[in-house]
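User: I'm new to this one and would like to know what's behind the labels people put on it. Could we go through them one at a time?

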Amino acid sequence: MAYSDHISLRLDLDRSKDPTNPDFNLYLMDLSYFSGKLEMYFRYQDFNFRRVEPMLTELAEIKKETGTSQVPLVLDNKRGEWLRDTTYIIQHMEKEYSHVSILPKCPVQSFFSFLLEDFADEYMWRPAMYYRWEPTYDAKSISSRFTYEFCDAPGIQKCVPKQLYAPVLLFRQWMFSVFGEGIEDEEQHDIVKSQYLVVLDTLQGILEGTPFLFGSHPTLVDFAFMGPFFRHFSSDSTPRKIMQQNAPAVFEWVARMWNCKYHQLSSTSFHSSSKAGSLPPSWDNLFPLVSEYMDYLHQNAMAWKSKKTSFEFAFKGGRPQGKNCLVQTVEYRVWCRIELQRRFNEIQSKDEEAGTKIESLLKKHDCWEALWRDGRVECPPELGVEPPFCKPSGGSGMVDSPKWPLEPLLWRYIKTKVLPSIFIALAFLPIAYLLFTTFVID
């Protein structure tokens, strides 16, 4: 049992609105970046779904059926199939089950919606995780909560005192989210903080004039930014305090999204904040960061192609000058770049005029060249099967992190942080011996 009392972090099951015969089981973690994004979408569409927060041992069993223990996961009870990866789950649900589409009909706006979803999913991950695991108060609070409501100590881990779980988890997450992102000196810290503040200010400007990011109704862009802004920036103590004081319209928008269902909107017709074939001018301040992300995707793809486990990238965070950071190579983001290239080619083959307009806008915002630089770098789909579908795994195993492998990062930490300390200590031993044996203080 993860809970040691009768009330902490527990939902009142008697008041639960979960259906008895759900069409979908949504497996999630209440703290999770992508779980918040997908749950928001399921609530908006008012799907008949049951919300499940699995324990660690349950995830190990789920992995046998899905090949992964990363949440969120969806069990489609109608078809008896598992779904993974929020980007592709939403695309699948839009095609098969949605009551109202969240995708713009205009192919130009549709492409840029997917581009911003990718940016929010992958590039806003860095400041979201930084603000969770670098501030001491937030890191201690979140690691304690994580072990309190999720860890139920499978196997031999039952012998480990639970008091050790939180500090071990905190160090692991800090290593991935701060050290693993090459954030060490003051300038590198300032740059990642700047990225959050620039995006926060931009969204505040947008939402002061419109209820949602693209106009009168939620669209894919709103749900995309729910990843970092719902379960992280508006929930974790430090970024939430910044948001409440500096961007109240953003804080209100997060709550509006959580409470919004498609059939409760006053008008059924969507009114965009820009005409077809164009983007809202209020989005312009996002694109220097999106351009930076395109450069990052290219360098990440080149590093992966060269079989490098890490590479240096100059992050700017919306500032004039960047600073190199040593970051982990992420195979999944090679796939992300392929998907953006594929999506453009697909639109251009069907609508040459739309393709020309997309190219023009990408060039205007300095995103085009990096998207195509060095061509297409092929990589297999994650877990060996096209998303959103899953492939059963032979064994259960523990929770996996296929996007950010632990071993190369841990070895890098040991080489740069642990071994130098050991060598210094060993070098000091002869000096210490001489001091203690030569001088006698009475």
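**Helices and caps**

Analyst: Let's start with helix α8, residues 186–207: 22 residues, reaching 32 Å from first C-alpha to last, close to the 32 Å expected at 1.5 Å a residue. Bear in mind that this is a predicted model, where local features need pLDDT of at least 70 and side-chain atom pairs need 80 or more, while totals for chains, interfaces and linings use all residues. Residues are numbered from 1 along each chain as its sequence is written, and side-chain values use heavy atoms, with hydrogens and water left out.

User: What makes a stretch a helix, and how many does the chain have?

Analyst: The chain has 16 helices and six strands. They are DSSP runs numbered from the N terminus (H or I and at least four residues for a helix, E and at least two for a strand). The 22 residues of α8 therefore clear the helix minimum. Its expected span is 1.5 Å times one less than its number of residues.

User: What makes Asp 185 a cap for α8?

Analyst: A side-chain oxygen of Asp 185 lies 3.1 Å from the backbone nitrogen of Glu 187, at the N-terminal end of α8. A polar contact is a pair of N or O atoms within 3.5 Å, one able to donate a hydrogen and the other to accept it (neighbours in sequence count only through side-chain atoms on both sides), so 3.1 Å makes the cut.

**Buried or exposed**

User: Why is Ala 370 called buried?

Analyst: Its relative accessible area is 2%. Buried means under 20%, exposed over 50%, and partly exposed in between (1.4 Å probe, protein chains only), so Ala 370 counts as buried. This residue is in helix α15, residues 368–372. Leaving out residues up to four places away in sequence, Ala 370 touches Met 294, Asp 295, His 298 and Arg 337; a contact means heavy atoms within 4.5 Å. The C-alpha atoms of Ala 370 and Gln 299 are 9.2 Å apart, with their positions 71 residues apart along the chain.

User: How do you know that α5 is mostly covered?

Analyst: Nine of the nine residues in α5 (125–133) are buried. Among them are Trp 125, Pro 127, Tyr 131 and Trp 133.

User: And why does Arg 126 get that label, when arginine counts as charged?

Analyst: The label depends on area, and Arg 126 has 5%, so buried is the word. Arg 126 sits in α5 and touches Glu 181, Ile 183, Val 192, Phe 315 and Cys 325, not counting residues up to four places away in sequence.

User: What about Thr 68: buried or exposed?

Analyst: Buried, at 4% relative accessibility. Thr 68 is in the loop between α2 (56–66) and β3 (73–76), and its side chain reaches the backbone nitrogen of Gln 70 at 3.1 Å.

User: How many of the chain's residues are buried, as a share?

Analyst: 51% of 442. As for contacts between residues at least 6 apart in sequence, 78% join residues at least 24 apart.

**Odd angles**

User: What makes Asp 366 worth pointing out?

Analyst: Its phi is about 60°, a positive value in a residue that isn't glycine. Most residues other than glycine have a negative phi, and most peptide bonds are trans. Asp 366 is in the loop between α14 (352–364) and α15, and at 55% it is exposed. Asp 374, in the loop between α15 and α16, also has a positive phi, near 65°.

User: Which peptide bonds are cis?

Analyst: One runs from Val 71 to Pro 72, with omega near 10°; Pro 72 is in the loop between α2 and β3. Another joins Pro 387 and Pro 388, with omega about 15°, and Pro 388 is in the loop between α15 and α16 (406–438).

**Inside spaces**

User: What makes a space a cavity, and how many are there?

Analyst: There are three of 30 Å³ or more. A cavity is a set of points on a 1 Å grid where a 1.4 Å probe fits but cannot get out; lining residues have an atom within 4 Å of a point. The largest cavity holds about 160 Å³, a volume being the space filled by probe spheres on the points, which are joined across faces, edges and corners.

User: Which residues line the largest cavity?

Analyst: There are 14, with Thr 87, Tyr 88, Phe 114, Asp 118 and Glu 339 nearest its centre. Elements giving two or more residues are α3 (86–96), α4 (107–123) and α13 (331–350), and α13 gives the most, with six. By class, the lining has six nonpolar, two polar and six charged residues. Asp, Glu, Lys and Arg count as charged; Ala, Val, Leu, Ile, Met, Phe, Trp, Tyr, Cys and Pro as nonpolar; the others, Gly among them, as polar.

Conventions:
1 Å grid on protein atoms, 1.4 Å probe; cavity = no way out; pocket = protein on both sides within 12 Å on 5 of 7 lines; lining within 4 Å.
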